[in-house]
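The exercises below are meant to be worked through with the sequence and the structure side by side. Try each task before reading its solution.

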Amino acid sequence: MADDAPAESLQVSDELEAEFERALQYHLTDEDLERAKLLIGIDTASRQRELYSVATPDAIRNWALGVGDDNPLYTDEEYGPATRWGTQIGHGTMMGHVKTPMLGDPVPDEIKQQTKGMFRGVHVFVSGGTWDWFRPLRPGDRLYSFSGEESLEVKKSEFAGRSSVQVARSVVINQYGEPLGVYRILRVLTERKEARTRGKYAEIEAAHYTDDDYERIDAIYESEQPRGAEKRYWEDVTVGDQLPPMVKGPLTVTEIIAFHAGGYGFVPYGLRSSRVGYKNRRRIAPFYIKNEQGVWDVAQRLHWDSQWAKAIGNPLAYDYGVLRQSWFYHHVSDWAGDDAFIEKMSDSIRKFNYQGDTQFLSGEVVGKRDEDGRHLVDLKLSMVSQRDVETAYGTATVSLPSREAGLPPMPPAPVDLQRQSAAMFARHNELKAQGRSGR
């Protein structure tokens, strides 16, 4: 794949320059960093409502299709009943993005006042995350979550100078108060102005494709398929085994739209239109920056608007970290088959995936073990762009069926997590009985 198209500089049109300058004035201050530490260890119920609050069959299907996965285990209501699950099930990554407002006790007033308005106008990147899953997502599951900050670290970034790395933990529970999974998100907070000034990625050129390039891409697409009902037995797996190749892209605005249509990206800030968009702009004015026509639009548009992406030091619009996390899940799921259960997955997003970029996925078995009656396999995962640059890497742990022991049991949730989940859900029901509202 040739990168011989003219490079786009970070210079924007005259009409946008003044608006960008106003948007770039926010700073990552010592005061905000100290205030943020006050929130570490405080868990609160999420009052957000995602695009989907219940994992309906349609929602489950659309999430899978939005990340490019047509596995019938996720997309076909008629296929699931014949599997070990007895029903269609959802992508594990979807659990973090189905949400019903949950009632609970707020952050103490004193801390709330001290942390109000933190990191105003500072840019946030999802740089990676980890998942621990205990149960599959089933049609009809109404999901709630509670979350809190686990840690905060200040470090130097090649892209944006000083940055803050925050890890937040989110616990997902179902309509019975049972924990389904724990999602830890690594977020990097940077100053838009500093990133643009440094311009580390300013010389990256847009990808250009020939027919030969597409022959390579299409050949991989043609070879891909989910393992499906054919069991992958633990005894047949050997350390050093390679996962079949997978490809994603080239990335287009259409692909970003499909991901949003699948249910991602609507909270906490919100993609809204017309009057609802106006109300949202009044609520969080710094999230809106005028475009070249003088029209207010969301800062989030850097995922599809290259002009705005330039304002934070990127030559082109780029994808979401959660999208690449979902691609890793797709790769592992295709390899593992219907009867396996993906227990853990982690990812680290190291480089941007720009509009027009293609990601080539690979994986390797690096370990296998028997743990508490579960036959586990450890995987190492990687994504490499058409520039031969690794843009993301990760790990996964999969529980496989055994020829001797049969189907893999579900991993137990930690006892303290079960107790906390039950207590948070009981408080939700108590407040609901008192007539409280989730909004």
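**Exercise 1. A salt bridge between two loops**

Task: In this predicted model, examine the salt bridge between Asp339 and Lys231, and work out where each partner lies and whether Asp339 is buried or exposed.

Solution. Step 1: Asp339 and Lys231 form a salt bridge in which the closest N and O atoms are 3.3 Å apart, and a pair counts as a salt bridge when a side-chain nitrogen of Lys or Arg is within 4 Å of a carboxyl oxygen of Asp or Glu. Step 2: Asp339 sits in the loop between α11 (321–336) and β9 (341–349), while Lys231 sits in the loop between α7 (211–223) and β6 (246–248), and the pair links distant parts of the chain, 108 residues apart. Step 3: Buried means under 20% relative accessible area; because its relative accessible area is 8%, Asp339 is buried. Step 4: Lys231, with a relative accessible area of 34%, is partly exposed.

**Exercise 2. A salt bridge between two strands**

Task: Find the salt-bridge partner of Glu150, and explain which parts of the chain the pair ties together.

Solution. Step 1: The partner of Glu150 is Arg184, and the closest N and O atoms of this salt bridge are 3.1 Å apart. Step 2: Glu150 belongs to strand β3 (residues 144–157) and Arg184 to strand β5 (residues 179–190), so the salt bridge ties together parts that are 34 residues apart in sequence. Step 3: Glu150 is partly exposed at 35% relative accessibility, and Arg184 is also partly exposed, its relative accessible area being 26%. As background, side chains of opposite charge can pair when their charged atoms come close.

**Exercise 3. A network of charges**

Task: Begin from the salt bridge between Arg369 and Glu371, and determine which residues are linked in a network with them.

Solution. Step 1: In the salt bridge of Arg369 with Glu371, the closest N and O atoms are 3.2 Å apart. Step 2: Arg369 counts as partly exposed at 30% relative accessibility, and Glu371 counts as partly exposed at 31%. Step 3: The network of salt bridges links Glu343, Arg369, Glu371, Arg374 and Asp378. Step 4: For the wider setting, the count of salt bridges comes to 21.

**Exercise 4. The two sides of a helix**

Task: Decide which residues of α8 are buried and which are exposed on the other side of α8, and explain how the buried ones are arranged around the axis.

Solution. Step 1: The buried residues in α8 include Glu255, Ile256, Phe259 and His260. Step 2: These residues cover an arc of only 140° around the axis, which puts them on the same side of α8. Step 3: An α-helix has 3.6 residues a turn, so residues three or four places apart point the same way. Step 4: Thr254 and Ile257 are exposed on the other side of α8. Step 5: The cover over the buried residues of α8 includes α3 (57–66) and α11. Step 6: Just after α8 comes Gly263, which takes a positive phi of about 125°.

**Exercise 5. Unusual backbone angles**

Task: Locate Ser274 and Asp372, and then the prolines that follow the cis peptide bonds from Gly249 and from Val267.

Solution. Step 1: Most residues other than glycine have a negative phi, and most peptide bonds are trans. Step 2: Ser274, although not a glycine, has a positive phi of about 50°; this residue lies in helix α9 and counts as exposed at 68% relative accessibility. Step 3: Asp372, which is not a glycine either, has a positive phi of about 55°; its place is the loop between β10 (359–371) and β11 (374–385), where it counts as exposed at 71% relative accessibility. Step 4: The peptide bond from Gly249 to Pro250 is cis, with omega near 0°, and Pro250 lies in the loop between β6 and α8 (253–261). Step 5: Val267 and Pro268 are joined by a cis peptide bond with omega about 10°, and Pro268 lies in the loop between α8 and α9 (274–283).

Conventions. Residues are numbered from 1 along each chain as its sequence is written. This is a predicted model: local features need pLDDT of at least 70, side-chain atom pairs count only at pLDDT 80 or more; totals for chains, interfaces and linings use all residues. Side-chain values use heavy atoms; hydrogens and water are left out. Helices (H or I, at least four residues) and strands (E, at least two) are DSSP runs, numbered from the N terminus. Buried means under 20% relative accessible area, exposed over 50%, partly exposed in between (1.4 Å probe, protein chains only). The arc is that of the directions from the helix axis to the C-beta atoms. Contact means heavy atoms within 4.5 Å.
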